[in-house]
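Visitor: I have a structure to look at and some terms I do not follow. Please take me through them one by one.

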Amino acid sequence: MMLAQISDCHVVESDRLLFDRIDTAAYLAAAVAHLNRIGPDFVWVTGDLVDSGRPAQYARLRSLLDRLEAPYAVMPGNHDARDTLKAAFADHPYWRASADSLHYAIEDLPLRLIALDSLIAGESGGRIGKEQLAWLEAKLGEAPKRATVIAVHHPLFVSGIVEMDAINLADADALGAVIERHPQVERILCGHIHRPITARWHGTVVTTAPSVAHQVALRLRPEDPVSWVMEPPACHLHRWSEGGGLITHQSYIGDYGPMTPFE
Ligand SMILES: [Fe+2]
Ligand SMILES: [Fe+2]
């Protein structure tokens, strides 16, 4: 199974550019075309779907994502708005009945996918909360032998990018205590930090995906201000096979010339 992950689309209205400069919808359109050439089995969009949670932004996002040939699922990041997000994708099959928190599980793929909702309305940082952690513990307990991938928008570790670390997942330790009890968790996928990072974490592996648009500049001195930069947009391709495990490729989106076969 090939699971594609795209993250941090930050789509804005059609008459606007992000930061007055970045055409995030055009970047998402390029990501969709890129994935349609690659042919994943499923696409997961890991939050910051739009930039400010408005209905017109979600309508534009949906029209772009619906061009994907593969089935896809969405989940919230801190730039999203729960009710508006859920309304825009109301026909998607994975939602739970309640819209208080948009966590869910997808059971009908070779990998079990569990999305957590770390959105705190009006804040940049994230939190899962006790209720959702109890739900996760029960869900994981139901299927201890099923290889599982969890997605949560906010990263769980200290990256060294100081101002981003200040807005990561506040209750990461509590999540880690749950994860340690469930070794079937192959991976936790995050977004938010707009960079690819890998870490060993509480008995599993955490990876963060780059943005399909703008990246957070890699500046690791505390005095450096957090900055964005137009490094190449990219997505992650997570290839799963029974016995072979979960292998992650970073796939750059853009025209880098022809693919030339070796002699
Ligand atoms: Fe973001
Ligand atoms: Fe974010």
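Guide: What follows is a set of questions about the terms used for this structure, each answered with its values.

Visitor: What kind of model is this?

Guide: This is a predicted model. The protein has 6 helices and 13 strands.

Visitor: What makes the radius of gyration of the protein agree with that of a compact globule?

Guide: The rule gives a compact globule of 263 residues a radius of gyration near 18 Å, and the protein has 17 Å, so the two agree. Along its principal axes, the C-alpha trace spans about 50 × 45 × 45 Å.

Visitor: How many of the residues are buried, as a percentage?

Guide: Buried residues account for 56% of the 263 residues. The accessible surface comes to about 11900 Å², and 54% of that belongs to carbon and sulfur atoms.

Visitor: Which share of the contacts between residues at least 6 apart in sequence joins residues at least 24 apart?

Guide: That share is 65%.

Visitor: Which residues coordinate the iron ion (ligand 1)?

Guide: Asp 8 (OD), His 10 (NE2), Asp 48 (OD) and His 194 (NE2) coordinate the iron ion (ligand 1), at 2.0 to 2.2 Å. Their spacing in sequence is D-x1-H-x37-D-x145-H.

Visitor: Why is the arrangement around the iron ion (ligand 1) called irregular?

Guide: The 4 donor atoms subtend angles of 86 to 172 degrees. Four donors count as tetrahedral if all angles lie between 85 and 135 degrees. The angle of 172 degrees lies outside that range, so the arrangement is not tetrahedral, and it is classed as irregular.

Visitor: Which residues are the protein donors of the iron ion (ligand 2)?

Guide: The donors are Asp 48 (OD), Asn 78 (OD1), His 153 (NE2) and His 192 (ND1), lying 2.1 to 2.2 Å from the iron ion (ligand 2). Along the chain they follow the spacing D-x29-N-x74-H-x38-H.

Visitor: What makes the arrangement around the iron ion (ligand 2) irregular?

Guide: Here the 4 donor atoms subtend angles of 91 to 158 degrees. The tetrahedral range ends at 135 degrees. An angle of 158 degrees is outside it, so this arrangement too is not tetrahedral and is classed as irregular.

Visitor: Which residue bridges the iron ion (ligand 2) and the iron ion (ligand 1)?

Guide: Asp 48 bridges them, and the two ions lie 3.6 Å apart. Asp 48 is in the loop between β2 and α2, while His 153 is in the loop between β6 (148–151) and α5 (162–165), so this pair, 105 residues apart, links distant parts of the chain.

Visitor: How do you know that Asp 48 is buried or exposed?

Guide: Buried means under 20% relative accessible area. Asp 48 has 1% relative accessibility, so Asp 48 counts as buried. The same test applies to two histidine donors: His 194, with a relative accessible area of 5%, is buried, and His 153, at 0%, counts as buried.

Visitor: Where is Ala 25 found?

Guide: Ala 25 is found in helix α1 (residues 24–38). At 4% relative accessibility, which is under the cut-off of 20%, Ala 25 counts as buried. Leaving aside neighbours within four places in sequence, Ala 25 is in contact with Arg 60 and Leu 64. The C-alpha atoms of Ala 25 and Met 2 are separated by 24 Å, with the two residues 23 apart along the chain.

Visitor: How many aromatic pairs does the count come to?

Guide: The count comes to 5 aromatic pairs.

Visitor: Why is the pair of Phe 19 and Trp 228 called stacked?

Guide: Ring centres must lie within 6.5 Å for a pair, and planes under 30 degrees apart count as stacked. The centres of Phe 19 and Trp 228 are 5.3 Å apart and their planes are at 25 degrees, so the pair is stacked. Phe 19 lies in the loop between β1 (2–6) and α1, and Trp 228 in strand β11 (residues 228–229), 209 residues apart.

Visitor: What makes Phe 19 and Trp 228 partly exposed?

Guide: Partly exposed covers values between 20% and 50%. Phe 19 has 41% relative accessibility and so counts as partly exposed; Trp 228, at 33%, also counts as partly exposed.

Visitor: Why is the pair of Tyr 94 and Trp 95 called tilted?

Guide: The ring centres of Tyr 94 and Trp 95 are 4.8 Å apart and their planes are at 55 degrees. Stacked needs under 30 degrees and edge-to-face needs over 60. An angle of 55 degrees meets neither, so the pair is tilted. Tyr 94 is buried, with a relative accessible area of 8%, and Trp 95 is buried, with 13%. Together with Tyr 104, they form one aromatic cluster.

How values were computed: Residues numbered from 1 in each chain as written. Chains lettered and ligands numbered in written order. Predicted model: local features only at pLDDT ≥ 70, side-chain atom pairs only at ≥ 80, totals over all residues. Heavy atoms only, no water. Donors = N, O, S within 2.8 Å, 3.2 Å for Na, K, Ca; no water. Tetrahedral: all angles 85-135°; square planar, octahedral: opposite > 155°, others 65-115°. Buried < 20%, exposed > 50% of the residue type's maximum accessible area, 1.4 Å probe, protein only. Helix = DSSP H or I, 4+ residues; strand = E, 2+ residues; numbered from the N terminus. Rg over C-alpha atoms; globule rule 2.2 N^0.38 Å. Contact = heavy atoms within 4.5 Å. Areas by Shrake-Rupley, 256 points an atom, 1.4 Å probe, with all protein chains shown as cover. Phe/Tyr/Trp six-rings, centres within 6.5 Å; stacked < 30°, edge-to-face > 60°.
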